[in-house]
Amino acid sequence: ILSTQLQMIEFKVKSIKICFHFSFFAIIALLLLMENHRYALYGLYACIIHELGHLMMMQTLGVKTDKIVFYGAGIKIVIKQESILSFGKDILILISGCIINFITFGVFWLLAFEKEQLLVFATINLLIGVFNLLPLKCFDGGKIIDLLIDKFLSQQKIPFAKLLVKILCMVLLSIILIIFIINKNTNFTLYVTLLYFLFSAMLL
């Protein structure tokens, strides 16, 4: 059934709700207007591959998916409330998206030879995988770090450990930003993205 509630298109594939927020289409339209829109779309494809990695692992582990939401900031997978995840399952599901990006990178890198477009797509998959391992709460890496801290550290050490991770993440993002500035990189979108991540690390 197709509905348009709260500026969202929603339909079902079997028991899974597929939701498209209006902001997702706005981002797609914006990407198509960019000079290098093909590369931007490659980034979108790499993100979809990343989420498919999560979905495949969830299906393998028997975790039920409630809905998949496509919105301007990315793609979100929501599991059914009755699904109770163990520590091991959580880690496997979180890491699976990056693993599938790395596998895609390897496959397209080997197939590319001297074909620039395949090399670019391979590289974008590598970057998506690496970025998602950053210890930011909005990324898989940050969620994995939180799980490891909560699992293996005492209650007294948890606040200090999370503060340390936050500081290290801010330092790492600052170093990356400085490197791009020194190399006179002119990619405005890249600077906006890095600054967004940096401020997110500061506020969380």
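Visitor: What makes Ser-96 the centre of a kink in α3?
Guide: This is a predicted model. In it, α3 has a kink of about 35°, centred on Ser-96. That bend is the angle between two fitted axes, one for the seven residues ending at Ser-96 and one for the seven starting there.

Visitor: How do you know what span is expected of α3?
Guide: Helix α3 runs over residues 87-112 and has 26 residues. The expected span is 1.5 Å times one less than the number of residues. For α3 that expectation is 38 Å, and the helix reaches 38 Å from its first C-alpha to its last.

Visitor: Which residues of α3 are called buried, and why?
Guide: Buried residues in α3 are Ile-93, Leu-94, Ser-96, Gly-97, Cys-98, Ile-100, Asn-101, Thr-104 and Ala-112. They carry the label because each has under 20% relative accessible area. Ser-96, the centre of the kink, is among them. As for spacing, an α-helix has 3.6 residues a turn, so residues three or four places apart point the same way.

Visitor: What follows α3?
Guide: Phe-113 does, and its phi is positive, near 55°.

Visitor: Why is Val-130 called partly exposed?
Guide: Its relative accessible area is 44%. Buried needs under 20% and exposed needs over 50%, so Val-130 falls in between. Val-130 sits in helix α4, residues 116-131. Between Val-130 and Gly-141 the C-alpha to C-alpha distance is 9.1 Å, with 11 residues of sequence separation.

Visitor: What makes a residue part of the lining of the second largest pocket, and which lie closest to its centre?
Guide: A lining residue has an atom within 4 Å of a pocket point. The pocket holds about 200 Å³ of space. Of its 15 lining residues, Pro-135, Lys-137, Lys-162, Val-165 and Lys-166 are the closest to the centre.

Visitor: Which helices supply that lining?
Guide: α5 (140-152), α6 (158-182) and α7 (188-203) each give at least two residues. The largest share, 5 residues, is from α6.

Visitor: How many of the lining residues are nonpolar, polar and charged?
Guide: The lining has 9 nonpolar, 2 polar and 4 charged residues. Lysines such as Lys-137 count as charged, while Pro-135 and Val-165 count as nonpolar.

Visitor: What is the order of helices and strands in the chain?
Guide: The pattern is β-β-β-α-α-β-β-α-α-α-α-α, with 7 helices and 5 strands. Buried residues make up 34% of the 204 residues. Among contacts with a separation of 6 or more, 52% join residues 24 or more positions apart.

Definitions and conventions:
Residues are numbered from 1 along each chain as its sequence is written. This is a predicted model: local features need pLDDT of at least 70, side-chain atom pairs count only at pLDDT 80 or more; totals for chains, interfaces and linings use all residues. Side-chain values use heavy atoms; hydrogens and water are left out. On a 1 Å grid over the protein atoms alone, a cavity is a set of points where a 1.4 Å probe fits but cannot get out, and a pocket is an open set with protein on both sides within 12 Å along at least five of seven lines; lining residues have an atom within 4 Å of a point. Grid points are joined across faces, edges and corners, and a volume is the space filled by probe spheres set on the points. Helices (H or I, at least four residues) and strands (E, at least two) are DSSP runs, numbered from the N terminus. Buried means under 20% relative accessible area, exposed over 50%, partly exposed in between (1.4 Å probe, protein chains only). Contact means heavy atoms within 4.5 Å.
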